[in-house]
Amino acid sequence: MRFSINPEMATQEVQPNETLTNLKAESDTLKTKLEDERAKLHDVELHQVAEKVDGLGQFIMKTRRTLKGHGNKVLCMDWCKDKRRIVSSSQDGKVIVWDAFTTNKEHAVTMPCTWVMACAYAPSGCAVACGGLDNKCSVYPLSLDKNENLAAKKKSVAMHTNYLSACSFTNSDMQILTSSGDGTCALWDVESGQLLQSFHGHAADVLCLDLAPSETGNTFVSGGCDKKANVWDMRSGQCIQSFETHESDINSVRYYPSGDAFASGSDDATCRLYDLRADREVAIYSKESIIFGASSVDFSLSGRLLFGGYNDYTINVWDVLKGTRVSILFGHENRVSTLRLSPDGTAFCSGSWDHTLRVRDRGYHLEPVTSATVCLILVSSSSCLSLMPVPSPFYFIRTASFITFGP
Amino acid sequence: MCDHQCFVYEIVKMSGSSNLVAMKKIVQQLRFEASINRVKVSQAAADLQQFCMQNALQDPLLTGVSSSTNPFRPQKVCSFL
């Protein structure tokens, strides 16, 4: 648990003789008490605390790989722990495993349904899970033999009564957590297909989930069309915290790397940060100019950066502490639907309705130059040189062997 | 007439008891949530900031990586004449 509980109060059973009126009165009292408690602790804003922190300065990211091969909208993607393989799923029912270094496709599976909204890589790297409009989550072991038909070894694990919106393996290949349009989340045993625990509490479709970093214990967070983000205890099935400040569907949730907070992206065009120990929203990432929903969010390794993929085809990069936008990334030609940081934090991959996936990173080491003016040497494609004085401060790109320019 | 009244009474009683069950669940959940010991935002924010600062140098997207160690280094290279 991320916080302590008053044990007497938490386990107080409702007595059989309590009437509906009494309970309703108590419910109202408790709700007011909760609001007052949360308000009392709201003594400062996150960005005020972070005022003394250095700003992030100029922020340039480059697309290093574009993965082309899907015939329709890319809906979901996940990285393998080996930091180079990616699994992605699309509207046309195809699930593809890529080597992101070489951009080669290593495996391809055709699902029996369209709109494969969820896919996940197993921690071992030996299997992938996926599902969507078939209301199921299926696991495909990845064979080293390229000719083997992956669909033959498919194992149906999860069964929901509506579409599968998200899935994730837990720490091992043995258990899968799923969320569904039927309003529930569920934990399944992969081998037997048995339902181990179900999580009820959302009042509408659950669209996303994320597992807490393993050091912080057995919890996960889910977000839904009821505008709520719920934190669950995986063992008991109980909802331990609930946050309702978004004004529309929550499309994506992701834990802060320390496990003490999580971010959400919503159709209300904002991303928000919720701290679990303060039990409240502590930051909103929004701008008047951003009017399209955020479909997908993820943090950088230190938690300083929040990447948000939006339905206006862009990716906005936010300074988590200061609440400001540090960069806006273009390139996709349709909605960004999915976005994830690579396991070692060196890059992130985004998938889009434009049928492609893009891998981006920061590129080069950047050092500030102290002299008053700097000359920038431009090398054009026809190899002629021109010199331009440039006002300082300017970051001089230091590489041993080459200088490149361009998109 | 009496049968109809009894039938309606049964329905009211049934929906009444399922409301009661639902209400009990809500109150139990609220009691649990009210029992959580929370920290002030100033404390929580300071901890979030500290985590960022401690891990900033190990964050490749903040520091950038040199192209020799970058696994996604560009596939094409222009040479400087």
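These are my notes from a look through a predicted model of two chains, A and B.

**Entry 1: overall scores**

I started with the global numbers. The model comes with an ipTM of 0.81 and a pTM of 0.83. For chain B I also pulled the confidence: its mean pLDDT is 77, and 69% of its residues get to 70 or more. I then looked at residues 1–12 of chain B, where pLDDT is below 50 and the stretch has 0 contacts in the model beyond near neighbours in sequence. Going element by element in chain B, I found the lowest mean pLDDT, 68, in helix 1 (residues 2–34). Helix 2 of chain B has the highest, at 95.

**Entry 2: chain A in outline**

I counted secondary structure next. Chain A has 32 strands and 3 helices. Of its 407 residues, 53% are buried. I checked how far along the sequence the contacts reach: taking those with a separation of 6 or more, 46% are between residues 24 or more positions apart. The exposed surface of chain A is about 17900 Å², with 51% of it from carbon and sulfur atoms.

**Entry 3: the repeats on record**

I looked up chain A in UniProt. The entry is unreviewed, and under "repeat: WD" it lists residues 67–108, 157–198, 199–242, 243–284, 296–328 and 329–361. I took two of these spans to the model. Residues 157–198 are 60% strand and 0% helix, and their end C-alpha atoms sit 14 Å apart. For residues 243–284 I got 55% strand and 0% helix, with 13 Å between the end C-alpha atoms.

**Entry 4: Thr184(A)**

I picked a residue in strand 12 of chain A (residues 184–189), namely Thr184(A). Is Thr184(A) buried or exposed? Its relative accessibility is 13%, so it counts as buried, the cut-off being under 20%. Its side chain makes a polar contact of 2.8 Å with the side chain of Asp182(A). Setting aside residues up to four places away in sequence, I noted what Thr184(A) touches: His160(A), Thr178(A), Ser179(A), Phe199(A), His200(A) and Val206(A).

**Entry 5: Asp319(A)**

I wanted to see what a buried Asp was doing for company. Asp319(A) belongs to strand 24 of chain A (residues 315–319), and its relative accessibility is 1%, so it is buried. Which side chain does Asp319(A) meet in a polar contact? I found Arg304(A), with 2.7 Å between the two side chains. Arg304(A) also turns up in the contact list of Asp319(A), along with Leu56(A), Tyr285(A), Thr324(A) and Val326(A); neighbours within four places in sequence are left out there.

**Entry 6: aromatic rings**

I ran through the ring pairs. Over all chains there are 14 aromatic pairs. One of them is Phe307(A) with Phe348(A), a tilted pair with 4.5 Å between ring centres and 35 degrees between the planes. I placed both partners: Phe307(A) is in strand 23 (residues 305–310) of chain A and Phe348(A) in strand 27 (residues 348–352), so the pair links distant parts of the chain, 41 residues apart. Both rings belong to buried residues, Phe307(A) at 1% relative accessibility and Phe348(A) at 0%. I also marked a cluster, in which ring pairs link Phe243(A), Tyr255(A), Phe262(A) and Tyr274(A).

**Entry 7: chain B and a spot facing chain A**

I went back to chain B for its make-up. It has 3 helices and 0 strands, which reads as α-α-α along the sequence. Its 81 residues are 31% buried. I put its accessible surface at about 5100 Å², with carbon and sulfur atoms making up 61%.

Then I zoomed in on Ala44(B), which lies in helix 2 of chain B (residues 41–55). What does Ala44(B) contact, once neighbours within four places in sequence are left aside? I listed Asp275(A), Arg277(A) and Ala278(A) from chain A, plus Val39(B) from chain B. Its relative accessible area is 1%, so I logged Ala44(B) as buried.

Notes. Residues numbered from 1 in each chain as written. Chains lettered and ligands numbered in written order. Predicted model: local features only at pLDDT ≥ 70, side-chain atom pairs only at ≥ 80, totals over all residues. Heavy atoms only, no water. UniProt positions renumbered as here; feature names shortened; annotations may be inferred. Helix = DSSP H or I, 4+ residues; strand = E, 2+ residues; numbered from the N terminus. Buried < 20%, exposed > 50% of the residue type's maximum accessible area, 1.4 Å probe, protein only. Contact = heavy atoms within 4.5 Å. Polar contact = N/O pair within 3.5 Å; in protein donor to acceptor, adjacent residues only side chain to side chain. Areas by Shrake-Rupley, 256 points an atom, 1.4 Å probe, with all protein chains shown as cover. pLDDT = per-residue confidence, 0-100. Phe/Tyr/Trp six-rings, centres within 6.5 Å; stacked < 30°, edge-to-face > 60°.
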